[in-house]
Amino acid sequence: MAIMEQNNFEKNVQHKLDELKIPPSDSVWTNIEKRIGKKDKDSKLVFILFFLILFLLTGGYFLFNSSKNNGQQKHELSEIKKDRKATNNDNSSLIKTSTAKNQTSRTPDFTNGSEEKIKTTSIKIQNKVEVPKKKLQVSIIETAERKQMIFLSNNGNQKKENENKLSIEASSNPIKGENEILIQKENIERTDSVLDKKEIAKDSSENNIQAIAKKGPKKSIEKKKDHWRFGITLSGGTSMISKNFFHNFVYAVPTTAYYGGIPSSYYYAPSDIRNSTGFVAGIFAEKNISAKKKISIGISYKYFSLLNKVGNRIDSLYSLPQSFTSLNNVYSSAINLKTYRNNFHFIEVPLSIKFQLNNNSDLPIFWNAGINISQLISTNALQFNSSAGLYYQDNLFFNKTQFGLSTGFSATLFAKGQRPLNVGPYFYYSATTMANKGLYNKKHFNFIGLKTEILFLRK
Amino acid sequence: MKRCDHESHFFLRLINKKLVNATKREELLSKMRQMDQDQLVKDCLKQKSEAQRLLYELFAPSMLGVCFRYTKSLHDAEEVLQEGFIKVFTRLQQFKGDGELGGWIRKIMVNSALNFLKTNQKYRYDLSFEDSPLHLVSTENPEVNLDAKELAELIRQLPTGFQTIFNLHAVEGYKHAEIATMLGISEGTCRSQYSRARVLLIEWIEKFSLKKQNGHYGTK
């Protein structure tokens, strides 16, 4: 009876309070509108940023591939030009001598002949574009060898002819230069054989035929090798989580059905997850891939943390509902709130490309973009059970392997010293979701901070 | 369905432009309430600002009433309402439509209020409970001759702990065991606190009713 009477009071109160309606002030909606709009804009911004990074990475990859070949070609062409200038000086006297000996004006004929021959060669090589590089290189080298053999086996006139041909080739009129460039474009190795011819010409002028025969083709240009340079990196900043671009929900909330104002099912909301400190420390190796581009790869330890509010730790199994007795590290979601730090430890392999943005060699500024593969090695992060209102640890929820995208800017201090220091802002976005269920369902890790790199250069 | 949508937007435009008086506004809102809520939810999910505003207009006054009961000032209640509605709009995808939309929003408001009390320094200290499993059982069942606002004002005069437990049990209908888990206290403490709150509130209701009869208005 007493309980019934008690319930009557509650029902009266409930009934009365259901009628309570207070119109809110206009500022409430204004604030809500702003916040909703901002969240929407934020997710759009992250979406755009993601595709921008993706686009730049793809662009960077193709740029890297094309610039690799172009860079080598340009470098070798400039070397050839230098050599040619030097050879021209030597051979100008040689041409004069051979013309005087023959008393015939064969030099122009030879010039024409050599033009034709060079043209033919260039056409031949152009026709051979489809042939794999190695084969082409071999055929050209073989041609050079054959020329030398012919040169050795023939009589004196032929010697002179060859001498002249080769010397004319070396002296290079404009047409020949063009053809040579054509050849260069088709295959870099072609330049080697051309240079060998120059050397043959030089040597023949000294009547050292035997030496030439023994010598054979060789590379006169040594590529300048860019060595890998090693360094250490340390980044500090804030680790945070963001929602998926396409989904706004964070965790599953059971729908509550109301009958007569009384809820028939209940859930508890977890506390908000707040950003906290994070850092990355590791070693890396860096290499120049062109004058203004660098590639770097490394291995790092990455620490991210997030904060949330939990209640007291429940140590006694008797305090827990039966279905939760098997759980580890259980906290209530109630008052006596304390801050809990969810730690995430990763091992990460970052691969990035740096593009120099300015021409200042004293203070080069780089933009870098990269991809990171990380492996979650341990975490104490808590999950949340909304029906019981309990926090508990379950690492099975997490995606252990994470693929991320990173970008940032850096300025190189002490660029000309032995310990260049790169400093600049750094942003990381994990493309992989943290988990596919639980409290971190569909959430992505972000990190924003300051990145420093120290390179150790050889003396 | 589309007709409903256009109609509701038309009403909302009238309300927003303040082309109607308060009575007419209430009438329009009640009409809108009868409209298809599924369509409203769908429009809100499409981020249509008019639909979001309509949803807010429909539920904000009653939800502010809920928030008002859990806090000590109207300003705080509005803060809770604001946070609650942001959660509503960002988690609307989770509303499956198998219950009442109003009930689902109310649930979020209650949880927002509890989070606010737990995190706000002003309330946090008051929300600590002494462990007192013994409790008085009041069998009094007074008639509540107060209007909703007056009753809510009296509930708000209770200490924060009492106020919260009373609201959760008497108004929202939570069981003591559930409240105990929510607040991290024992069930006995919850019962005890509730009984004390109930006794105190009944006493105040009686006093207030007397004052009201004698012509003295105002809360304690």
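How many of the 220 residues of chain B count as buried? The figure is 44%. Keep in mind that this is a predicted model, with an ipTM of 0.79 and a pTM of 0.42.

**The two chains**

Chain B has 11 helices and zero strands, so to speak a run of α after α: read along the sequence, its pattern goes α-α-α-α-α-α-α-α-α-α-α. Chain A mixes things up, with eight helices and 13 strands. Of its 459 residues, 30% count as buried.

Here are the chain totals side by side.

| Chain | Residues | Helices | Strands | Buried |
|---|---|---|---|---|
| A | 459 residues | eight helices | 13 strands | 30% buried |
| B | 220 residues | 11 helices | zero strands | 44% buried |

What about long-range contacts? In chain A, take the contacts with a sequence separation of 6 or more: 74% of them are between residues 24 or more positions apart. For chain B, 69% of the contacts between residues at least 6 apart join residues at least 24 apart.

**How far to trust chain B**

The average pLDDT of chain B is 79, and 72% of its residues score at least 70. Where in chain B is confidence lowest, and where is it highest? The low end is helix H1 (residues 2-16) of chain B, with a mean of 57, while helix H5 (residues 74-90) of chain B tops the list at 92. Where pLDDT is low, the predicted coordinates should not be read in detail.

**A helix pair in chain B**

Now have a look at helix H3 (residues 37-45) and helix H4 (residues 49-70) of chain B. Their axes come within 7 Å and cross at roughly 130°. An angle between 115 and 145 degrees falls outside the parallel, antiparallel and perpendicular classes, and H3(B) and H4(B) are therefore oblique to each other. The crossing of H3(B) with H4(B) is left-handed. On the H3(B) side, the contact is made by B:Leu40, B:Asp43 and B:Cys44; H4(B) brings B:Ala51, B:Gln52, B:Leu54 and B:Leu55. Sorted by type, the residues of this contact are five nonpolar, one polar and one charged.

The loop between H3 and H4 of chain B holds B:Gln47. This residue has a positive phi, near 65°, and is not a glycine. Is B:Gln47 buried or exposed? With 12 C-beta neighbours inside 10 Å, B:Gln47 counts as exposed.

**Two spots in chain A**

Most residues other than glycine have a negative phi. A:Phe414 is another residue that goes the other way: its phi is positive, about 55°, although it is not a glycine. A:Phe414 sits in the loop between strand E11 (401-413) and strand E12 (421-430) of chain A. The neighbour count for A:Phe414 is 13 C-beta atoms inside 10 Å, so this residue counts as partly exposed.

The other spot is A:Thr339, in strand E7 (residues 338-356) of chain A. Why does A:Thr339 count as exposed? Because A:Thr339 has 11 C-beta neighbours inside 10 Å, and the exposed class takes in residues with 12 or fewer. Even so, A:Thr339 has partners from elsewhere in the sequence: leaving aside residues up to four places away, A:Thr339 touches A:Leu307 and A:Lys309. A:Val310 is 29 residues from A:Thr339 in sequence, yet the C-alpha to C-alpha distance is 6.4 Å.

Methods. Residues numbered from 1 in each chain as written. Chains lettered and ligands numbered in written order. Predicted model: local features only at pLDDT ≥ 70, side-chain atom pairs only at ≥ 80, totals over all residues. Axes fitted to C-alpha atoms, helices over the stretch in contact; angles between N-to-C directions. Helix = DSSP H or I, 4+ residues; strand = E, 2+ residues; numbered from the N terminus. Parallel < 35°, antiparallel > 145°, perpendicular 65-115°, else oblique. Left-handed = near helix turned anticlockwise from the far one by under 90°. Contact = placed C-beta atoms within 7 Å. Nonpolar A, V, L, I, M, F, W, Y, C, P; charged D, E, K, R; others polar. pLDDT = per-residue confidence, 0-100. Buried ≥ 20, exposed ≤ 12 C-beta atoms within 10 Å, placed from the backbone.
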